[in-house]
Amino acid sequence: MERVRTILTHRYPYPHEHSRHAIIAVVVGCLFFISSDNMHTLIQKLDNNIKWWSMYACLLGFFYFFSSPFIGKTIKPSYSNFSRWYVAWILVAAIYHLPSFLSMGVDMRMNLSLFLTIYVSSILFLLVFHIMFLGLWYIGLVARVAGKKPEILTIIQNCAVLSIACCVFYSHCGNRAILRQRPFERRNSGWFSFWKKEERNTWLSKFTRMNELKDQVCSSWFAPVGSASDYPLLSKWVIYGELACTGSCPGSSDEISPIYSLWATFIGLYIANYVVERSSGWALTHPLSVKDYEELKKKQMKPDFLDMVPWYSGTSADLFKTAFDLLVSVTVFVGRFDMRMMQASMNKACDGVPHGDILYDHFSEKEDLWFDFMADTGDGGNSSYTVARLLAQPSIRLNTKDSFRVLPRGDLLLIGGDLAYPNPSAFTYERRLFCPFEYALQPPPWYRVEHIAVNKPEVPCGLSELKQYEGPQCFVIPGNHDWFDGLHTFMRYICHKSWLGGWFMPQKKSYFALQLPKRWWVFGLDLALHADIDVYQFKFFVELIKDKVGENDSVIIMTHEPNWLLDWYWNDVSGKNVSHLICDYLKGRCKLRMAGDLHHYMRHSSVSSDKPVYVHVLHPTHVFSNFNELYGASYKSEAAYPSFEDSSRIALGNILKFRKKNWQFDFIGGIIYFVLVFSMFPQCKLDHILQDDSFSGHLRSFFSTMWDAFMYMLEHSYVSLVGAMLLLMAAIIFVPPKLSRKKRVIIGILHVSAHLAAALVLMLLLELGVETCIRHRLLATSGYHTLYQWYRTVESEHFPDPTGLRARIEQWTFGLYPACIKYLMSAFDVPEVMAVTRSNICKKGVLSLSRGGAAIYYASVFLYFWVFSTPVVSLVFGSYLYICINWLHIHFDEAFSSLRIANYKSFTRFHINRDGDLEVFTLAVDKVPKEWKLDPDWDGEQPKQLSHLRKFPSKWSAATPQQDPLATVRIVDHFVIQQTGKPDLETRTGPVTH
């Protein structure tokens, strides 16, 4: 009994109530039955119906490209699940109206109507069963563990599987009762006949003739359970099968339908499994002991990281909130209210030293110091945790060409802003910033999430001052995204919390000054949304420079954006106060400027060694490769990660992967394309396209009709013309102001022209498909509810009801039973509705329609046009971004944010050595892991009071050891900045000298 786990308490979860083995069995059955048809017959029918198979290929191609972002993976937002159901719905609705599917032994119309009937009946039956079972639990007739509510998705999933199984069986075996003349043979043929030695060769020979094998399976393995007379109590509650005889068959069938018996078997298995698990507590699906199960559960644990931010989402409330917050911040608060002024007014002196809340000198007495810099932490969880895991390690071992280096963990972590995307909120800060860092280095056990630090620094117990704490510390400046709510969330989570994971945060304000060993300083500047420091911040740093920064001291300036590079790119001047501070007060003591905001890494060094080095992380490195001058000094690019070539290659992903990365853009793109062609529906005169004999003639007629539709839009339409004009204005505004107005207009016109041409092509393809079906009398033949009307005509013929079961159900449900089936089936008559209404418009004009009729027509057109248009609009827009970023060097932010790149992540580790030189290492990971597992070293290590004392501080490691960041991290840049006042050395570590 050790191998069978008994559920005794609520701590051990139940297994999922739906087994995918049933799905696999159904799929295998479908393939078997379809392949049982003669292959050469399929090929022959394909050759005879090439036109229809071409239409199938086109239709399925569009549906594939629409659903390709959701294939093979589960996406959490509800839009992905909606898209799957949406595609299944309208694809089936389109296919069942087209011919040629009978060549595969599938009657789509019969299968669809049968599926809907069985599906609805199964859901109602299981819902009644669950309500009754919960009632029994409520009055105490079943065990306590039965009170857990069933998963609605499980019920729907099971009902779909058994409905498909019944449809597959009906398609290839029918609803036939067994031959009356051979009852004895029927009862003795079955599963075991396959294993009889004398019949084995016969079965093997039949296997080569799939059609005969199929008949054997239908007549023997899935035979009906027997006659209704054998079950008197059920005789009025079963479905009967059709009678099949070798000769004439007097009377009606008394055999229970094999479809009914198959349905009842599935339902019975589900009920039996559910009752046994919920009432007795036995779970036979986990043949493990409790200890083994807990170990397995631990191994299967995974972190719940958020994905990269979908910047082009048309359904994200966060993005709309971000736009609103930015609008409010820029129009209301900028120039009127500044949190930095309030911080300055609340600043206080500490031990008689001015600005005690902003200046920190507890590192200044160390002999040497290791510290790290990173920025833009608030995007995907995988990339943030990858960098945080490297930052948290006691040391990083790096292999170089000839040897290896060991870089110890930094005592100080500097973060350069943009802590959470797309907007600052409690959710984004906790999930995108704190969660990855807490996994990488856990906070102390006394830490509480809700705790507010009101008297920082709150040093651990047993320590009297900050310089006694030997663990890693963290200082942060806000970025532009952190300012979208007026710095409210930043103040709450950074300035009034003491721990970012295992990093101690003594910081009280949004800007700070750090006095480091060997006469080095770090100035953390808060540029807000002005791209400059305010006068109070300027005053603080000027006084600090005069009072404390010596003539031979060296200063590192940290900002959230590289305004020196952006000014060059936009041909603008910003950050005047910062420039004034550096040029007129520091006077050459600024040795390094570093910034984030634009992602990825670049370093520019002055041609003359007396100017500061500029280190920044940015999007496409190749766009800024020509930067060479700042403040009258010449600069050159010394390092870039990724390289200029790799950056240009990555941009190609906008053509190939835009929709896969930004499938939520469908909501916007599909509506835009539909508005562009709204006034051109329907196209009633398409005879000349269909009647041309040559392919070139078809093309000429097609594009001629497309031009006529465009001219109609300019001369007669209102909705489409207004939509095109608004799109043109938006496209021109979207082009960066870096270019002249003339170039912006030209680019905008070309951009909109590409979208409009694509929308017109898709409109004509859809109209041609509908027109072809109408001409062959596949659509617009019988009006609304065609599927239900057809099904009722064949239902009595193929599903006999001698006892009047359907009439009784209709009476007991007050007519809801046929009504529900009728209107559910009408949902699959969308192509018929579209075709019927289109024919009426072409004959009588659009004014003949009522408002409701017009709304139904355009809604039915939109359902299909949206599927056709969304992959195309993403392709056109992605191609536009690629051309702009690689050829015109514009849209560097838009073109790379669309790719949602989790890879190519880096951070910089600094070392102030005993000689006072600053050694700089930039470490990078090319490929960020997407799958993580519980690190066995972390799990096996004895927990310590402070996590930085652990040998293995991070909870998760890569699921594949070869992809773990500790194994793939490498040095991409290495240089040394010499301390001021020392003579130049000819030999220095690294590829760059200053």
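Trainee: What makes the sulfur of cysteine 583 too far from other cysteine sulfurs for a bond?

Mentor: Its closest cysteine sulfur is in cysteine 590, 9.0 Å away. A disulfide is a pair of cysteine sulfur atoms within 2.5 Å. The value of 9.0 Å fails that test, so cysteine 583 and cysteine 590 are not a disulfide. Keep in mind that this is a predicted model: local features need pLDDT of at least 70, side-chain atom pairs count only at pLDDT 80 or more, and totals for chains, interfaces and linings use all residues. Residues are numbered from 1 along each chain as its sequence is written, and side-chain values use heavy atoms, with hydrogens and water left out.

Trainee: How do you know that cysteine 684 and cysteine 842 are joined by a disulfide?

Mentor: Their sulfurs are 2.0 Å apart. That is within the limit, so the pair qualifies. By this rule the count comes to 1 disulfide. Cysteine 684 is in the loop between α22 (666–677) and α23 (687–691), while cysteine 842 is in helix α30 (residues 830–844), 158 residues apart. Here helices (H or I, at least four residues) and strands (E, at least two) are DSSP runs, numbered from the N terminus.

Trainee: What is the handedness of the link between cysteine 684 and cysteine 842?

Mentor: Left-handed, with -85° about the S-S bond.

Trainee: Why is cysteine 684 called partly exposed?

Mentor: Its relative accessible area is 35%. Buried means under 20%, exposed over 50%, and partly exposed in between (1.4 Å probe, protein chains only). The 35% falls in between, so cysteine 684 is partly exposed. Cysteine 842, at 32%, gets that label too. So do cysteine 583 at 39% and cysteine 820 at 43%.

Trainee: Why does histidine 911 count as buried?

Mentor: Its relative accessibility is 11%, under the 20% limit, so it counts as buried. Histidine 911 lies in strand β17 (residues 905–912). Leaving out residues up to four places away in sequence, histidine 911 touches Asp368, Leu369, Trp370, Asp917, Leu918 and Glu919. Contact means heavy atoms within 4.5 Å.

Trainee: How many aromatic pairs does the structure hold?

Mentor: It holds 51.

Trainee: What makes phenylalanine 305 and tyrosine 385 a tilted pair?

Mentor: Their ring centres are 5.5 Å apart and their planes stand at 35°. Rings of Phe, Tyr and Trp (its six-membered ring) pair if their centres lie within 6.5 Å; planes under 30 degrees apart count as stacked, over 60 as edge-to-face and the rest as tilted. The distance passes, and 35° is neither stacked nor edge-to-face, so the pair is tilted. Phenylalanine 305 is in the loop between α11 (290–299) and α12 (317–333), and tyrosine 385 is in helix α14 (residues 381–392), so the pair ties together parts that are 80 residues apart in sequence. Phenylalanine 305 is buried at 13%, and tyrosine 385 is buried at 0%.

Trainee: Why is the pair of tyrosine 569 and tryptophan 570 called edge-to-face?

Mentor: The ring centres lie 4.9 Å apart, and the planes stand at 90°. That angle is over 60 degrees, so the pair is edge-to-face. Tyrosine 569 is buried at 3%, whereas tryptophan 570 is partly exposed at 34%.

Trainee: What places arginine 603 over the face of phenylalanine 975?

Mentor: The distance from the ring centre is 4.1 Å. A charge sits over a ring if NZ of Lys or CZ of Arg is within 6 Å of the ring centre and within 35 degrees of the ring normal. Arginine 492 lies over the face of tyrosine 493, at 5.4 Å from the ring centre.

Trainee: How do you know that β3 (residues 395–399) and β4 (residues 404–408) pair?

Mentor: Two strands pair if DSSP finds at least two bridges between them. β3 and β4 have 5 bridges, so they pair, and they run antiparallel. Leucine 398 has arginine 405 as its bridge partner in β4. A hairpin of 4 residues joins β3 to β4.

Trainee: Which side chains of β3 are buried?

Mentor: Ile396 and Leu398, which point to one face. Ser395, Arg397 and Asn399 point to the other and are not buried.

Trainee: What makes alanine 528 stand out?

Mentor: Most residues other than glycine have a negative phi. Alanine 528 has a positive phi of about 55°. It is in the loop between β10 (520–524) and α17 (535–547). Its relative accessible area is 3%, so it is buried.
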